Amino acid sequence: MARYITKRLLKAFLIFFVSITITFFIIRFMPSNPVDLLIDPKMGPEVQEAMMEEFGLDKTKGEQYIIFLKQLLQGNLGTSFKSREPVSQVIMQKLPWTLLLLFIVVILSLAVGIPIGVYSAKHRGKFSDKLINIVVMVGISVFVPFLAFLFLYLFSYYFKLLPTGGAYTPPPAKGIRYVIDVLKHAILPSLTLFTANVASILMYTRNSMIDVLEEDYIRTAYSKGVKENKVIKVHALKNAMIPTITVTGLMMGSMVGGAVMTESIFSWPGIGRLIYDSVSALDYPVLQGSFIILALSVIIMNIITDLIIAWIDPRIKLEG
Amino acid sequence: MNNIIEFKNFRMGFKDESGNEFNLLDDISFEIKEGVALGVVGESGCGKSMTSLSVLKLLPSGVTIQGGDILYKGDSILDMNQEQMEDIRGKDISMIFQEPMTALNPVHTIGFQVGEALKVHFPGMKNSEIKANVLEQLELVGIPNPETRYYQYPHQFSGGMRQRVMIAMALICNPKLLIADEPTTALDVTIQAQVLELMKNIKQKGSMMLVTHNLGVVSELCDEIVVMYAGCVVERGNIGEVFENPKHPYTKGLMAAVPSLDSKGKELYTIPGIVPTVKNFEKGCRFSPRCEESSEACKGIKPELTRVGDNHFVECWKYNNSEGSPCQK
């Protein structure tokens, strides 16, 4: 077990290093100059140069990379070009909002996707299963921004039930009213992301459940006189959950930075929105920082996923 | 002697995608008496496994019952509801499956899986009692270090050990009937011999239905034999009578195809032709296209099971002396 974890961590470190390196250079090779956006053209060339120096943009890309790595080792993600605040501070302000959205979406998707997936597998080929399949297909293929605008139009504009954007109504209220206000703002972005994600959780659960229900050991369980719902809960679900856990892990990892469109449409103050804003402002350090957080969360979620699967399936531990 | 299980003209089949109905098991009739070991033999695909699964109503979906009945101690199994079946499965009738590699759940410990039937059928039993029972059973089927093995998972067991686990699992509630569906087929020869030895030692307690394509196994373990071909019982009876005096051309062929010491150096006999698939079963005697003794008479109507000895029945026009038999005309 300890060997398995050590190996996983070493691999994770390597992946992290490669991904931040790629991120660094991709951002640096964007075909525009951030200084142009920050500096008033009326400023003199000396001022421009001073600013370039301040941000370290006068050095070669190789030198910048070394500085970047050094700073990273000290836990310093640099300073935002735009707000002049430390990047870590900027990210830490946004991260809780993204995590809030993420947990709402993941818990809802699992709570809805798994039972319906199991139901669908149990009633395979029947009308209810076919109906669920159609809904899943629509859910998987729907264009997320379209869905976001549809919800916005319906619930915020037409019925005027829910706020159009942001995470709370300024100025923030106190206590329980603040919580309710935030949850109200979270409904539409959560619903959008939920629709996109529940479909894949449901589909993975259904398909792996169908495979598992055909397994010989399920017949063995029935031959012992175990009742159907017990067979499903005790014998099938544990085996069938493995693909679902993998997708959920990947989904959670990528959603930390992946909800760019949804967060932008609903002006949700999370990491996705931050990435969008930083791209527009060519704010290298913030972009870089966001991608580091994203890479880190994908890697951490992968490790957690692997550990959960190894815990469920006893065959995996030995293969480490 | 009372019958534990009685197949009465049981017919079963399935529907394909386009809704055409096919017959798989045609007019199966035989019984398993109390305390008797019955061997069911036949080639792959002749319906042996389907017959054994029918007893527990564990048939795959899409299979339809087309007629007849299966009686458990005189009560129709086909009429029983889900709950009654669950009560019988594992407690009165239990089953050992063909594939020890896949028939155990990879994510549960051996101890849990062997003890589960006790947990299901004796809800009042304490966990410590269940464990003691399981350990005793594991010991009985020859698993060394049951205390350690109890907490291990199937992948930590070899094929032969897994089959022993399956046997322990099937016997834990002392069933009245044990169905063993090709229990040794997936194992290598030495392990086969060990498992057979084990089955020989445990067989005394209740009845057994041993499904196999291995005549040697049947002769070692069974008191009675049912020979199946293409979903029909072609011959059945006392093991001695059938082995010494096989009547049906198919049984004769099967016996002749077993290599023996006398046949050393000679070419091994094979039955000509291949096993028909469900979709092209012959209308009359299903064996007639491959039968060396068949005549035109065999083609149209299926023969009936006819008594040819004290406990010896055969389904062949050659021995059918009832009125209307084509052979008599």
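Me: What makes 2-73 and 91-319 of chain A domains?
Reply: Domain bounds come from an automatic or database domain assignment. For chain A that assignment gives domain 1 (2-73) and domain 2 (91-319), so those are the names used here. Bear in mind that this is a predicted model: local features need pLDDT of at least 70, side-chain atom pairs count only at pLDDT 80 or more, and totals for chains, interfaces and linings use all residues. Residues are numbered from 1 along each chain as its sequence is written, with chains lettered from A and ligands numbered from 1 in the order in which they are written.

Me: How far apart are the C-alpha centres of the two domains of chain A, and what makes a residue part of the contact?
Reply: The centres lie 32 Å apart. Two residues are in contact if their C-beta atoms, placed from the backbone, lie within 7 Å; by that rule domain 1 of chain A puts in 13 residues and domain 2 of chain A 14.

Me: Why is H1(A) called a helix, and what does H1(A) give to the side of domain 1 that touches domain 2?
Reply: Helices are DSSP runs of H or I with at least four residues, strands are E runs of at least two, and both are numbered from the N terminus. H1 of chain A spans 2-28, so the name fits the definition. On that side of domain 1, H1(A) gives the most, with 10 residues.

Me: Which element gives the largest share of the side of chain B that touches chain A?
Reply: That is H3(B), with four residues. The contact takes 23 residues from chain B and 18 from chain A.
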